[in-house]
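Student: Could you take me through one part of this model in detail? I'd like a close look at the largest pocket, and then how it sits in the chain as a whole.

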Amino acid sequence: SDVCSSDLNLKRMKELGIGWAMQDATYYSAERYLKTLGEAGLRRPPPIKTALSLGVNVGMGTDAHRVASYNPMVGLRWLVDGKSVYGMTTRGPDQLLSREEALRVYTLGSAWFVRDETRRGSLEVGKLADLAVLSEDYLSIPTERISEIEAVLTMVGGRVVYAADRFAKLQE
């Protein structure tokens, strides 16, 4: 995130039409970042909110780098509260995203990177019917519980590919 940490670099990214694919590395490595960057340095990177406000395309993913989780709910929580796995604050409040912004970064933001935002990334008529029904309401549960949310139904291309709980009978 050092390359993307200055406003000048973010503005240049916007001018060049390039995007920023994010990972939640500081969620797992905040203590290491604190040692190398210091307290002030830990509060700025990654400046996701600044990048979005400047119009940089930002996507979020979970490729399980190092020992990270594939669970996107962990990344969503980190985008919203900025806290590490051990509860250390990793970003200042000016760089935290709303729940809606975080979800948009994961969905439409990531679809932009594969040049497919017109077919996926949001629930709209004419787009692919890939969706997940969640165990809890992401928009209203306490922030600290976001990472506990699980998918109970997953559809890809309009077909049920995973179903649990009350949806189990829908799985083919």
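Tutor: Let's fix one term before we start: helices here are DSSP runs of H or I with at least four residues, strands are runs of E with at least two, and both are numbered from the N terminus. Keep in mind, too, that this is a predicted model. Counted that way, the chain has five helices and five strands. Reading from the N terminus, they come in the order α-β-α-α-β-α-α-β-β-β. The radius of gyration is 17 Å, against 16 Å from the globule rule for 172 residues, so the chain is as compact as a globular protein of that length. Its C-alpha trace spans about 50 × 35 × 30 Å along the principal axes.

Now for the pocket itself. The largest one has a volume of about 990 Å³. Its lining takes in 29 residues, and those closest to the centre are Leu103, Thr107, Asp130, Leu131 and Ala132. Which elements supply at least two residues each to that lining? They are the helices α4 (72-81) and α5 (99-113), together with the strands β3 (131-134) and β4 (151-156). Of the elements, α5 gives the most, with five residues. Sort the lining by class and you get 17 nonpolar residues, eight polar ones and four charged ones.

While we're on α4, have a look at Trp78, which is found in that helix. Is Trp78 buried or exposed? Its relative accessible area is 0%, and buried means under 20%, so Trp78 counts as buried. You can see what surrounds Trp78 from its contacts beyond four places in sequence: Met22, Gln23, Asp24, Thr26, Tyr27, Pro46, Ile48, Met60, Lys83, Thr90 and Arg91. Asp24 is a nice one to pick out, as Asp24 and Trp78 are 54 residues apart along the chain, yet their C-alpha atoms are separated by 7.1 Å.

Step back to the whole chain and you can put that pair in context. Among contacts with a separation of 6 or more, 61% are between residues 24 or more positions apart. Buried residues make up 37% of the 172 in the chain. As for the outside, the chain exposes about 9700 Å², and carbon and sulfur atoms supply 55% of that area.

How values were computed. Residues are numbered from 1 along each chain as its sequence is written. This is a predicted model: local features need pLDDT of at least 70, side-chain atom pairs count only at pLDDT 80 or more; totals for chains, interfaces and linings use all residues. Side-chain values use heavy atoms; hydrogens and water are left out. On a 1 Å grid over the protein atoms alone, a cavity is a set of points where a 1.4 Å probe fits but cannot get out, and a pocket is an open set with protein on both sides within 12 Å along at least five of seven lines; lining residues have an atom within 4 Å of a point. Grid points are joined across faces, edges and corners, and a volume is the space filled by probe spheres set on the points. Ala, Val, Leu, Ile, Met, Phe, Trp, Tyr, Cys and Pro count as nonpolar, Asp, Glu, Lys and Arg as charged, and the others, Gly among them, as polar. Buried means under 20% relative accessible area, exposed over 50%, partly exposed in between (1.4 Å probe, protein chains only). Contact means heavy atoms within 4.5 Å. The radius of gyration is taken over C-alpha atoms; the globule rule is 2.2 Å times the number of residues to the power 0.38. Accessible areas come from the Shrake-Rupley method with a 1.4 Å probe; for residues, only the protein chains shown count as cover.
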